[in-house]
Amino acid sequence: MSETPDWQSLISDTAVQVFTRTGRLDRFRLAREVRHLREARGLSQAALAELVGTQGPSISRLESGRVLPRLDFLQKIAAALGARLEVL
């Protein structure tokens with residue numbers, strides 16, 4: 001019987017198509033894209049946080065590039081912003 005994959009690691013290593021040439025997630029590009037989409041829709045960080053069921057500081061950390069969000073969180077962000085999340 002094979003071992004169960006470490007889904008937390010897979011989620012952290014897998015993400016949206018915001019990658020550098022080395023194939024690694026560029027969390028700062030992701031941060032810029034989320035901020036751009038949020039601002040384009042006229043949402044504050046607090047309003048986006050409410051839409052995805054989290055607190056404002058979570059959005060702030062995401063937009064600053066300080067965190068690499070989990071896939072389920074990115075899916076909620078994408079849905080709230082009307083964006084498409086593409087997982088490789």
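Start by selecting G53, which sits just after helix 3 and takes a positive phi of about 75 degrees. Keep in mind throughout the tour that the model on screen is predicted.

From G53, step back along the chain and select helix 3, which spans residues 45-52 and in which L48, A49 and V52 are buried. If you look down the axis of helix 3, these buried residues fall within an arc of 100 degrees, so they line one face of the helix. Turning to the other side of helix 3, you will find A46, E50 and L51, which are exposed. To see what covers the buried face, display helix 2, helix 4 and helix 5 (71-81), since the buried residues of helix 3 pack against these three elements.

Next, hide helix 3 and keep helix 2 (residues 27-40) together with helix 4 (residues 56-64). Their axes come within 6 Å of each other and cross at roughly 125 degrees, which makes helix 2 oblique to helix 4. On the helix 2 side, select F28, L30, A31, V34, R35 and R38, and on the helix 4 side select L62, E63 and S64, because these are the residues that make the contact. Coloured by class, the contact of helix 2 with helix 4 shows five nonpolar, one polar and three charged residues.

Within that selection, centre the view on R38, a residue of helix 2. Is R38 buried or exposed? With a relative accessibility of 7%, R38 falls under the 20% cut-off and therefore counts as buried. Now show its surroundings: leaving aside residues up to four places away in sequence, R38 touches L43, S44, Q45, L48, E63 and L81. Two of these names have already appeared on the tour, as L48 is one of the buried residues of helix 3 and E63 belongs to the helix 4 side of the contact with helix 2.

Finally, restore the whole chain and zoom out. The secondary structure comes to five helices and zero strands, and, when read along the sequence, the chain follows the pattern α-α-α-α-α. Of its 88 residues, 26% count as buried, and a surface representation would correspond to an accessible area of about 6,000 Å², of which 49% belongs to carbon and sulfur atoms. A contact map offers a last view of the fold: among contacts between residues at least 6 apart in sequence, 55% join residues at least 24 apart.

Notes. Residues are numbered from 1 along each chain as its sequence is written. This is a predicted model: local features need pLDDT of at least 70, side-chain atom pairs count only at pLDDT 80 or more; totals for chains, interfaces and linings use all residues. Side-chain values use heavy atoms; hydrogens and water are left out. Axes are lines fitted to C-alpha atoms, for helices over the stretch in contact, and angles run from 0 to 180 degrees between N-to-C directions. Helices (H or I, at least four residues) and strands (E, at least two) are DSSP runs, numbered from the N terminus. Angles under 35 degrees count as roughly parallel, over 145 as roughly antiparallel, 65 to 115 as roughly perpendicular and the rest as oblique. Contact means heavy atoms within 4.5 Å. Ala, Val, Leu, Ile, Met, Phe, Trp, Tyr, Cys and Pro count as nonpolar, Asp, Glu, Lys and Arg as charged, and the others, Gly among them, as polar. Buried means under 20% relative accessible area, exposed over 50%, partly exposed in between (1.4 Å probe, protein chains only). Accessible areas come from the Shrake-Rupley method with a 1.4 Å probe; for residues, only the protein chains shown count as cover. The arc is that of the directions from the helix axis to the C-beta atoms.
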